[in-house]
Amino acid sequence: MTEASATLVDSGPSALGRLMAPVSAGVNDIAGLFRLLGRTLTLISQGKREQGALLEQMYIIGNRSLVFMCITMGFIGAIITFQSAVQSQRLLPDLTMLGATFIKLLVRDMAASLGAMPLATRVGAGIAAEIGSMVVTDQVDALRMCAADPVDYLVVPRFIAATIMGTAVLIIAGAVAILSGMVIANGVFDVNFHTYLNFSMVTLGDVGLGVTKMVAFCAAIAIISAQRGLSTFGGSEGVGTATTRAVVGSSFAIIVLNFFISGLGYFFVPS
Amino acid sequence: MIRVQDLSVSFRSPVLDGVNLHAPPASILALVGPGASGKSVLLKSVAGLLRPDRGDVFVDGVSLADKDEPGLAEVRKGIGMLFQNYALFDYLTVGENVAFPLRRLFDLPEEEIQARVSERLERVSLPGFEDRIPRSLSGGQKKRVGIARATVARAPILLYDDPTAGLDPVTSQKIYDLIKGEQREQRGCVVMISSDVAGVLTIADRVAMLHRGKLVFEGSADEAKTSVDPLVRQFIHGLVEGPL
């Protein structure tokens with residue numbers, strides 16, 4: 001065998017290995033997420049509840065996100081209403097259905113999908129940083145030394161709190177988006193409040209679909225961020241990386257979940 | 001009491017390579033060695049916090065290799081551990097930190113928990129510190145709270161990861177006296193990592209030295225002091241010239 005062919009033979013498996021490494025890591029990552037989700041759901045019914053832990057997490061996740069989310073969604077509602085009105089005026093100088101279509105869109109999708117993104121930055125980053133810093137300072141190992149399962153002790157209360165309070169915050173922030181849109185519609189385009197607040201196009205199915213998305217997105221944010229936190233390594237730099245990965249992973253999951261839930265909604269809850 | 005058998009652990013590269021070690025009951029084993037020699041990894045493996053690639057750890061004759069997490073949790077009930085950077089729960093008070101193992105491991109009445117917490121804090125010279133929060137404490141105080149938490153469940157095996165790191169000589173000696181006193185009372189097995197070789201040799205019954213993931217010495221404290229092995233000699237006596 002010549003030197004050149006030996007090099008080719010030697011570099012083959014490592015090149016393939018390098019190519020497959022991200023795929024393999026991605027598959028392991030997703031498998032890890034589902035394992036953590038399964039374990040969390042099991043421990044919700046079987047785990048040992050720490051007194052007050054759930055309420056504390058509900059306060060941290062809900063209360064502390066509310067103002068940020070309301071302001072963010074307020075601006076988003078105002079921007080979308082303004083742009084929708086400008087665009088629709090080019091086609092038809094009639095804005096009587098501006099509020100009705102915006103509210104339907106918001107209830108069915110946008111309150112959940114647009115709201116979940118900033119929520120991921122606030123809640124997801126918080127969960128990943130908190131659990132990640134506990135990992136790198138050996139606090140998670142100290143929990144295990146005391147027979148406290150880190151998933152039961154750290155993940156379960158955050159998962160429940162994020163799902164319940166995240167959904168509640170998204171509903172409230174969605175309402176703020178409607179109100180800010182109404183103010184813009186009235187102030188800029190002279191659409192009166194009564195005309196704007198038109199819920200006639202919103203069906204129970206739309207509400208169900210919107211709330212399903214909110215619950216799914218909030219649960220995804222919690223579980224992905226917790227998993228990123230638990231897999232932290234390498235000191236404070238590792239915590240930073242885990243936080244970034246939590247936000248990126250949560251945002252990606254929101255988009256993918258939205259695609260599939262919207263697809264199911266198209267068939268089962270027609271618009 | 002603790003037997004480590006052919007233990008190998010690797011992360012991206014090998015950290016421990018075929019380590020065999022024995023820590024008898026009622027003794028203090030000092031685990032020494034240069035930085036990044038695998039001491040903390042060995043201690044965590046003994047506690048069942050890390051899964052080895054090869055080999056096994058036996059705690060009181062019980063193999064950790066075939067235990068799942070609930071099984072390991074059972075074994076860990078007999079082990080108290082002080083972590084290198086204290087690992088105090090920063091969202092709990094000092095009293096709640098010390099009480100944590102009692103609340104999780106045993107079903108004790110609250111009065112007994114409080115009594116044992118007060119007794120432990122008094123023992124580590126921190127009486128009345130129950131309501132303080134960890135971040136308001138000095139490094140030495142945090143170490144002592146960590147020792148109180150590690151010993152509150154009266155576990156027969158205690159693992160200390162560098163209990164005197166970063167402490168002044170007086171505080172270090174106080175901590176050594178505390179560890180020795182506790183071990184004499186409990187007749188327990190202590191495995192202690194220390195970078196303060198001179199200090200730890202004053203209380204250790206046996207010494208094990210790791211270098212690049214391998215056990216290079218195991219013997220009594222006197223044997224460690226008089227060893228002619230160039231690695232051991234240089235490290236124990238802190239010599240500049242040598243193979244390290």
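Guide: Two strands pair if DSSP finds at least two bridges between them. The structure shown here is a predicted model.

Visitor: Over how many bridges do strand 4 and strand 5 of chain B pair?

Guide: Strand 4 of chain B covers residues 54-59, and its pairing with strand 5 of chain B is antiparallel. In this pairing Val59(B) lies opposite Val62(B) of strand 5. Pairing requires at least two bridges, and the number found here is two.

Visitor: Which strands of chain B stand at the edges of the sheet?

Guide: The sheet is open, with four antiparallel strands in the order 2-1-4-5. A strand at the edge has a single partner, so one of its sides is left without a neighbour in the sheet. In chain B this applies to strand 2 (14-23) and strand 5 (62-63).

Visitor: What angle does helix 1 of chain B make with strand 1 of chain B?

Guide: Helix 1 of chain B, residues 39-46, packs on the sheet. It touches strand 1 (2-10), strand 2 and strand 4 of chain B. Between the directions of this helix and strand 1 the angle is about 120 degrees.

Visitor: Which three residues supply 32% of the area that chain B buries against chain A?

Guide: The contact involves 18 residues of chain A and 23 residues of chain B. About 1,900 Å² is buried between the two chains, with carbon and sulfur atoms giving 54%. No other three residues of chain B supply more of its share than Leu49(B), Tyr91(B) and Arg104(B).

Visitor: Which element gives the most to the lining of the largest pocket?

Guide: This pocket has a volume of about 1,500 Å³. Its lining has 35 residues, and among those closest to the centre are Val135(A), Arg144(A) and Leu50(B). Both chains supply helices to the lining, including helix 7 (204-230) of chain A and helix 2 (69-76) of chain B. With four residues, the element that gives the most is helix 1 of chain A.

Visitor: How many charged residues are in the lining of the second largest pocket?

Guide: About 850 Å³ of space lies in this pocket. Tyr91(B) is one of the residues nearest its centre, as is Glu50(A). Divided by class, the lining has 13 nonpolar and seven polar residues, and the charged ones number twelve.

Visitor: Which element gives the most to the lining of the largest cavity?

Guide: The search finds four cavities of 30 Å³ or more, and the largest holds about 130 Å³. Its 14 lining residues include Cys146(A) and Ile79(B); by class, eleven are nonpolar, one polar and two charged. With three residues, the element that gives the most is strand 6 of chain B.

Key. Residues numbered from 1 in each chain as written. Chains lettered and ligands numbered in written order. Predicted model: local features only at pLDDT ≥ 70, side-chain atom pairs only at ≥ 80, totals over all residues. Heavy atoms only, no water. Contact = heavy atoms within 4.5 Å. Axes fitted to C-alpha atoms, helices over the stretch in contact; angles between N-to-C directions. 1 Å grid on protein atoms, 1.4 Å probe; cavity = no way out; pocket = protein on both sides within 12 Å on 5 of 7 lines; lining within 4 Å. Points joined across faces, edges and corners; volume = space filled by probe spheres on them. Nonpolar A, V, L, I, M, F, W, Y, C, P; charged D, E, K, R; others polar. Buried area = accessible area lost by both parts, 1.4 Å probe.
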